[in-house]
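Hello,

Here is the structure I promised to pass on. Please have a look at it before reading my notes underneath.

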Amino acid sequence: MTDLLALETDLGAQIAAASDANGLEALRVAALGKSGSISGLLKSLGSMSPDERREAGPAINGLRDRVAAQLAARKAALDAAELDLRLAAERVDLSLPAPPRRKGSVHPTMQTMDEMVAIFAEMGFDVAEGPDIEDDFHNFTALNFPPKHPAREMHDTFFFNPGPDGERRLLRTHTSPVQVRAMQKTNTPPAAPWIAQGREPPIRIIVPGRTYRKDSDQTHTPMFHQVEGLVIDKGIHMGHLKWTLETFISRFFETGAVTTRFRPHHFPFTEPSAEMDVQCDRSGAEVKIGEGSDWLEILGCGMVHPNVLRSCGIDPDIYQGFAFGMGVDRLGTLKYGMPDLRDMFAGDTRWLAHYGFSAFAAPNPASGLS
Ligand code: DAH
């Protein structure tokens with residue numbers, strides 16, 4: 001029995017002296033592990049006589065329980081001390097100045113798009129959207145492109161390999177396919193809730209979105225943004241088109257006096273078709289709208305072709321409409337005086353810091369600051 005007492009005293013001293021978790025674990029293994037000292041004593045009970053065992057059993061089991069409790073208490077104390085150390089080491093000084101934060105800005109393209117949407121929304125237009133990945137029907141066929149039209153060819157359009165259904169999808173070359181989506185009533189719901197659904201006229205929508213063409217120079221980029229417009233109702237004529245576009249241009253360029261000129265043009269989806277120019281002054285570094293003796297092409301437009309209405313299930317003898325499409329990035333560069341369209345897409349943070357808009361103080365017609 002004195003052996004047990006000596007062992008307990010000795011283990012107790014060692015446990016109290018253990019200074020880290022590894023040392024404590026080594027002590028636990030040496031005492032209570034498979035071949036530990038206390039485990040050895042427990043095993044020896046088997047070879048004792050019943051009388052001896054009656055006395056030694058409770059003594060050895062008691063020793064094991066007390067040593068286990070000491071080990072647990074020491075472990076808790078060591079863990080708490082370690083946590084205290086970590087808390088002291090990892091203390092944060094809240095009085096230190098915060099690291100500088102990079103400030104973002106509203107990209108000029110988004111700013112321009114927001115301004116366009118705000119102006120047309122004020123005139124009663126809804127915003128409609130469609131997918132960037134289109135099929136031949138929406139991008140070309142329903143818009144009255146003849147089968148061999150050059151715009152379908154590879155040099156203009158980014159085509160995908162044919163899908164499992166044999167359909168050759170493409171990146172839309174303009175936002176005009178959303179006209180078709182907004183007019184054509186189908187039994188299949190659109191693939192996503194934000195995609196425009198066909199409805200009965202009257203229709204008055206604008207379609208802001210990304211468009212893609214294989215083109216790159218100072219005034220063309222492979223991805224750019226367009227705003228498309230479509231109005232369908234009874235008795236719509238070119239006078240409505242002209243008033244809508246002139247009102248838009250004078251609001252957009254924030255000038256009362258805009259002189260426009262409609263030049264005959266060709267688009268498969270409109271008849272008659274026109275390009276609209278605005279009077280401008282190009283003599284200085286910046287193009288000035290509303291003065292001077294030059295003309296600047298701004299957008300394409302026209303009366304919706306009867307074939308397009310028919311493709312969408314609308315009777316051209318009852319309904320007429322006009323449509324227009326314009327490049328957002330290009331109008332942004334003109335309004336804000338940027339010399340090269342490609343800068344809009346370069347992601348140069350110095351350029352963005354210079355031309356970007358504050359999210360709060362942007363001169364937006366909707367915010368009343370124009
Ligand atoms: N889709 C034409 C383009 O990308 C722009 C356009 C012209 C759209 C006339 C129209 C329109 O809706 O009527 O060049």
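Below is what I found, starting with the ligand and ending with a pair of strands.

A word on the basis: this is a predicted model, so local features need pLDDT of at least 70 and side-chain atom pairs count only at pLDDT 80 or more, while totals for chains, interfaces and linings use all residues. Residues are numbered from 1 along each chain as its sequence is written, and side-chain values use heavy atoms, with hydrogens and water left out.

The ligand is surrounded by 15 residues (a residue counts if one of its heavy atoms lies within 4 Å). The closest are His174, Ser176, Arg213, Gln226 and Glu228.

Three side chains have N or O atoms close to the ligand's own (a polar contact is a pair of N or O atoms within 3.5 Å):
- Arg213: a polar side-chain atom is 2.7 Å from a ligand oxygen.
- Ser176: a side-chain N or O atom is 3.0 Å from a ligand nitrogen.
- Gln179: a side-chain N or O atom is 3.1 Å from a ligand oxygen.

On its own the ligand has 350 Å² of accessible area, and the protein covers 90% of that (Shrake-Rupley method, 1.4 Å probe).

Now the strands (DSSP runs of E, at least two residues, numbered from the N terminus). Strand 6 (residues 260-267) and strand 7 (residues 270-281) run antiparallel and are joined by seven bridges (DSSP must find at least two for strands to pair). The two form a hairpin with two residues between them. Within this pairing, Phe262 has Met276 of strand 7 as its bridge partner.

Best wishes

Terms used: Helix = DSSP H or I, 4+ residues; strand = E, 2+ residues; numbered from the N terminus. Polar contact = N/O pair within 3.5 Å; in protein donor to acceptor, adjacent residues only side chain to side chain.
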